[in-house]
Amino acid sequence: MDFGWNEEQRLWRQAVRDFAQKEIAPRSREIDTEEHIPQEIIKGMADLGLWAPVCSEQYGGAGMDWTMVTIAAEELGKADISLAVPVTFLVEAAWAFVLEKYGSDEAKEEILPKVAAGEQVLGIAITEPEGGSDILRTCRTRAVQDSSCDDWILNGEKVFISLVRESLDKGGVHMLLVRTNPDPEAGHRAFTFFALPIKDMPGITPTYFDNMGRKGISTGGFALEDVRLLDAYRVGEVDRGFYHAMEGFSAARVLIGASCVGAAQAVLELGMEHIKQRQAFGRPLGSYEGISFPLADHYAELEGTRLQVYKAAWLLDQMYASGTKNHKEIALAASVAKLRAPLVGFDIMNEVADWFGAMAYTKECPVEMGIRAIRSYSIGAEGGMNILRIIIARELLGPEFLPYRQ
């Protein structure tokens, strides 16, 4: 067992770190305040191969493995603790991978090169107004195939989606999970995945939400009324969409874990510098055990979480390299990473805010920006905390022990 990095990984981390610390970190507050990611950052990330990085070179991607992508996610999180850039990065990475793996040749050739070049965004649309994770009971968005031409007619509504405004402004696609089998006994085999271009698409009405954090990217939703979509935009088999979506969520959860670890590391380092310099009663703050002991505890928690994140990334690489289908093991590892990282990160940021005192309650201190941002990932994005606990318990005990199955 090797806990080190090979030369390629070290060089890659340094390349992403150099770019992120030079081009992104100084503009993190600007991204949060101006509520957009500057085009030069998007272009620079494209030049570095950071958009759709897992996709093959055939479609403009860099053909990276998940460990390399996880390294990038951590460094982006460390540079932008508002998490707008890391969120955009991880969404594009996870769902571009699913689109390449299961999409039609026509859709891949049309969409992926633009995503990889930073010219178009790629998002995920699953949550509905009546609920998020309970897809079996709350998914009302439906697609019915037109037998005369094989087109699909979509009706319904999706909410709490990242990058809606960006998709409408410059063009974008959202991976859409809809019900295609009305049989209530069909269970998870009732849903199909589609790649939905939403710019200038007749029948789409957007809505927007004003988030408390991650303000550099938009959050919203859209209603679909008789939206007509070519069958070429179907991703994977009919009624198998749920399984394709869960594959994407496992990858996204690993990258969320890495982003949160990076942001927490940045805030912890900021706090450490402060408690070494700031004095109270003639001594540095860091010399008081009431501060140095929590520092030690938080550092230990962060290191353990980082190891779990990279273990999950390694498992992803092992599965796809070998062709084995150990999705249950991946789901377990990814859920543990996503469960721990936002909670550990939030606790670290909250602790560091105490070290800064009143300054942390102002926008002169970047810690408040991180607190607002990282909270989104314990509230629910890509799975709330209790959903992740359900997944972990299911994989440990078996589905027969879960109350909602009985």
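**Charged residues and a pocket in the predicted model**

In the predicted model, Arg228 has a relative accessibility of 41% and is therefore classed as partly exposed. Its salt-bridge partner is Asp151, with the closest N and O atoms 3.4 Å apart. This pair brings together distant parts of the chain, since Asp151 belongs to the loop between β2 (142-145) and β3 (152-162) whereas Arg228 is in strand β7, 77 residues away. Asp151 has a relative accessibility of 12% and so counts as buried, the limit for that class being under 20%. Elsewhere, salt bridges with shared partners connect Arg13, Arg17, Glu74, Glu75, Glu303 and Arg306 in one network. The model contains 26 salt bridges by the rule applied.

A further link between distant parts of the chain is made by Glu35 and Lys215. These residues form a salt bridge whose closest N and O atoms are 3.7 Å apart. The pair is separated by 180 residues, with Glu35 in the loop between α2 (28-34) and α3 (39-47) and Lys215 in the loop between β6 (204-209) and β7 (219-229). Glu35 is partly exposed because its relative accessible area is 44%, while Lys215, with a relative accessible area of 17%, is buried.

A salt bridge within a single helix is provided by Arg10 and Glu7, both of which lie in α1 (residues 7-24). The two positions are three residues apart, about one turn of the helix, and the closest N and O atoms of the pair are separated by 2.7 Å. Arg10 has a relative accessibility of 44% and therefore counts as partly exposed; Glu7, at 44%, also counts as partly exposed.

Two buried charged residues were examined for their surroundings. Arg179, located in strand β4 (residues 172-179), is buried but takes part in no salt bridge. The nearest side chain of opposite charge is that of Glu128, at 7.8 Å, and because a salt bridge requires a nitrogen-oxygen separation within 4 Å, this pair does not qualify. The side chain of Arg179 does, however, reach the backbone oxygen of Cys139 at a distance of 3.3 Å.

Asp80 is found in the loop between α4 (66-79) and α5 (84-102). Asp80 is likewise buried and without a salt bridge, its nearest side chain of opposite charge, Arg29, being 9.4 Å away. A polar atom of the Asp80 side chain lies 3.3 Å from the backbone nitrogen of Ala84.

The second largest pocket encloses about 530 Å³ of space. Its lining comprises 16 residues, of which Asp2, Phe3, Tyr310, Lys311 and Trp314 are the closest to the centre of the pocket. Helix α10 (residues 289-322) supplies the largest share of the lining of this pocket, contributing eight residues. By residue class, the lining of the second largest pocket consists of six nonpolar, four polar and six charged residues.

Methods. Residues numbered from 1 in each chain as written. Predicted model: local features only at pLDDT ≥ 70, side-chain atom pairs only at ≥ 80, totals over all residues. Heavy atoms only, no water. 1 Å grid on protein atoms, 1.4 Å probe; cavity = no way out; pocket = protein on both sides within 12 Å on 5 of 7 lines; lining within 4 Å. Points joined across faces, edges and corners; volume = space filled by probe spheres on them. Helix = DSSP H or I, 4+ residues; strand = E, 2+ residues; numbered from the N terminus. Nonpolar A, V, L, I, M, F, W, Y, C, P; charged D, E, K, R; others polar. Buried < 20%, exposed > 50% of the residue type's maximum accessible area, 1.4 Å probe, protein only. Lys, Arg positive; Asp, Glu negative; His and termini not counted. Polar contact = N/O pair within 3.5 Å; in protein donor to acceptor, adjacent residues only side chain to side chain.
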